[in-house]
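Here is a friendly walk through one protein chain, with an eye for its strands, its helices and its empty spaces. Please keep the 3D view open as you read.

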Amino acid sequence: MNYISTKDKNELVSFEEAVVKGLALNKALFMPERIPVLPRHFWEEIARYTDHEIAFEALFPFVKDSIDEPSLKKIIAETISFPTPTVFVEENIYSLELFHGPTKAFKDVGARFMSRCLAHFVGKSDKKVTILVATSGDTGSAVANGFYNVTGVDVVILFPKGKVSPYQEFQMTSLGGNIRAVEVDGVFDDCQALVKEAFSDIELNQRLNLSSANSINIARLLPQMLYYFFAYKELKKKDKKIVFSVPSGNFGNLTAGIIAKKMGLPVQFIAATNSNDTFRHYMETGEYLPKASVSTYSNAMDVGAPSNFERLMHLYDSDLKQIRRDIQAESIDDAATLKEIEEVYKKSAYLLDPHGAVGIKSLRHRLKEGQIGVFLETAHPKKFEEVVQKAIPNYPKNEVDLGACKKECIGKEYIAFKTLLQERNNK
């Protein structure tokens, strides 16, 4: 299995090269040259497989030229080491809880898988790798935890000043060691632009051996399709069409879901966004108009120019008609998000985080008779307790002490970021 650039199909690399490089040339993304289709009997008998067996069947076709079977099984065992349960909320609506990992967010799966893959590759050489990652919240936490003390890997995490929760900031800035947190005086899109600029800086890239741990890295993206396999396994016996509502910011989870669908998973999707509704606008008009992100209560989705839109276009050959057959789009504002948290808690005693609230509200708008809806509860409500308290005033709040944490602060100019990276490398 080769990997190709979304901008140049002649740029062919192995899975190992795609993971280590992170980005293709010209700021493009890597994609598998083809999507393997799993045999019919796999889907018919999926309930007989363990989660680890499902993960192996799903991932091995994508990595087999770079990772042998025993190594992949070991990586999977270390990655899928916590549950991802499908929980009943109300009639025909389920929550896919992705917050049972070490940092209480869905990105633990992708970050752990990628860190183990990269450690496997780095272990075969004496080259050190520097991971650059931009985050609007949970990615930074998961990457910090997943890569902490991984030999041969340094991590630099960029996050927007004042736009992540205290809990998220604590998780990113409290580890130290090979984890370096950088606060950017801007928004997520500014952080992401700095990372992409660094990757296009050939001299810096070669000097620091840069790689990425955002969903722009294919090793972060691929394991995220496993959530949908696991939920399908649990709900297949209901014998109803399954619709996943995916809270979407940078569109990594949704892209992973579409890859799973093209492997044969018989489900539909809703792209559930907040007021950063670039994708909904595209679905309604056919115009893709990236814009500056705006701050919302569901901050991990505050992305105005989603990187993985490029991958969706690649998967569908930019055919909007085909995209509309598989994906619907919704946009939920902050007021509706708070109201959903309040009403679901009162009705079902189920506590939502703001991203899950966007997901379930989108389901209510789109779910049809005879369908089962599954929304992704992407983070534990505790990570967003200030927002939850706005909807449920008596929700207990725990103060987070950031006093002992370490972070560096820069503006959004690339030269300052490059200087910061070079100074660390010279020490």
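Let us begin with strand 10, residues 241-247, where six of the seven residues are buried. This is a predicted model, so please read every value below as computed from predicted coordinates.

**Strand 10 and its partners**

Strand 10 has strand 13 (residues 371-377) as a parallel partner, and five bridges join the two. If you want a pair of residues to click on, V243 has G373 as its bridge partner in strand 13. Strand 10 also pairs with strand 11 (residues 267-273), again in the parallel sense, this time over six bridges. Here I242 is the residue to pick, as it stands opposite V267 of strand 11.

Following the chain onward from strand 13 leads to A379, which is found in the loop between that strand and helix 18 (385-391). Is A379 buried or exposed? Its relative accessibility is 0%, and because buried means under 20%, A379 counts as buried. For a sense of distance, the C-alpha atoms of A379 and M225 are separated by 17 Å, while the two residues are 154 apart along the chain.

**Two loop residues with positive phi**

Two other loop residues deserve a look for their backbone angles. N26 is not a glycine, yet its phi is positive, at about 60°. N26 sits in the loop between helix 1 and strand 3 (30-32). With 65% relative accessibility, N26 counts as exposed, because the cut-off for that class is over 50%.

K104 is not a glycine either, and its phi is positive at about 65°. Its place is the loop between strand 5 (93-97) and helix 5. K104 has 32% relative accessibility and therefore counts as partly exposed.

**Helix 8**

What span should the 13 residues of helix 8 have at 1.5 Å a residue? Helix 8 covers residues 188-200, and the expected span is 18 Å. That number follows because the rise is multiplied by one less than the number of residues. The end C-alpha atoms of helix 8 are 19 Å apart, which agrees with the expected span. The buried residues of this helix include F188, D189, C191, Q192 and L194, and V195, K196, A198 and F199 also belong to the buried set.

**Empty spaces**

The model has two cavities of 30 Å³ or more. The table sets them beside the largest pocket.

| Space | Volume | Nonpolar lining residues | Polar lining residues | Charged lining residues |
|---|---|---|---|---|
| Largest cavity | about 230 Å³ | eight | 13 | two |
| Second largest cavity | about 70 Å³ | four | four | two |
| Largest pocket | about 600 Å³ | ten | six | six |

The largest pocket has a volume of about 600 Å³. It is lined by 22 residues, and K21, L23, N205, N209 and L210 are the closest to its centre. The elements that give two or more residues to this lining are helix 1 (15-21), helix 5 (107-122), helix 8 and helix 9 (202-208). Which helix gives the most to the lining of the largest pocket? That is helix 1, with four residues.

Turning to the enclosed spaces, the largest cavity has 23 lining residues, and F106, K107, G249, N250 and A300 lie nearest its centre. The second largest cavity is lined by S136, P160, K163, V187, F188, S293, V294, S295, N299 and D302. F188 appears in that lining, and F188 is also one of the buried residues of helix 8.

**What the record says**

UniProt, in an unreviewed entry, places the feature "domain: Threonine synthase N-terminal" at residues 2-79. In the model that span is 46% helix and 10% strand, with its end C-alpha atoms 24 Å apart. The unreviewed UniProt entry also carries the annotation "domain: Tryptophan synthase beta chain-like PALP", which covers residues 93-371. Over residues 93-371 the chain is 47% helix and 17% strand, and the end C-alpha atoms are 9 Å apart.

Definitions and conventions
Residues are numbered from 1 along each chain as its sequence is written. This is a predicted model: local features need pLDDT of at least 70, side-chain atom pairs count only at pLDDT 80 or more; totals for chains, interfaces and linings use all residues. Side-chain values use heavy atoms; hydrogens and water are left out. Buried means under 20% relative accessible area, exposed over 50%, partly exposed in between (1.4 Å probe, protein chains only). On a 1 Å grid over the protein atoms alone, a cavity is a set of points where a 1.4 Å probe fits but cannot get out, and a pocket is an open set with protein on both sides within 12 Å along at least five of seven lines; lining residues have an atom within 4 Å of a point. Grid points are joined across faces, edges and corners, and a volume is the space filled by probe spheres set on the points. Ala, Val, Leu, Ile, Met, Phe, Trp, Tyr, Cys and Pro count as nonpolar, Asp, Glu, Lys and Arg as charged, and the others, Gly among them, as polar. UniProt positions are given in the numbering used here, feature names are shortened, and annotations may be inferred rather than shown by experiment. Two strands pair if DSSP finds at least two bridges between them.
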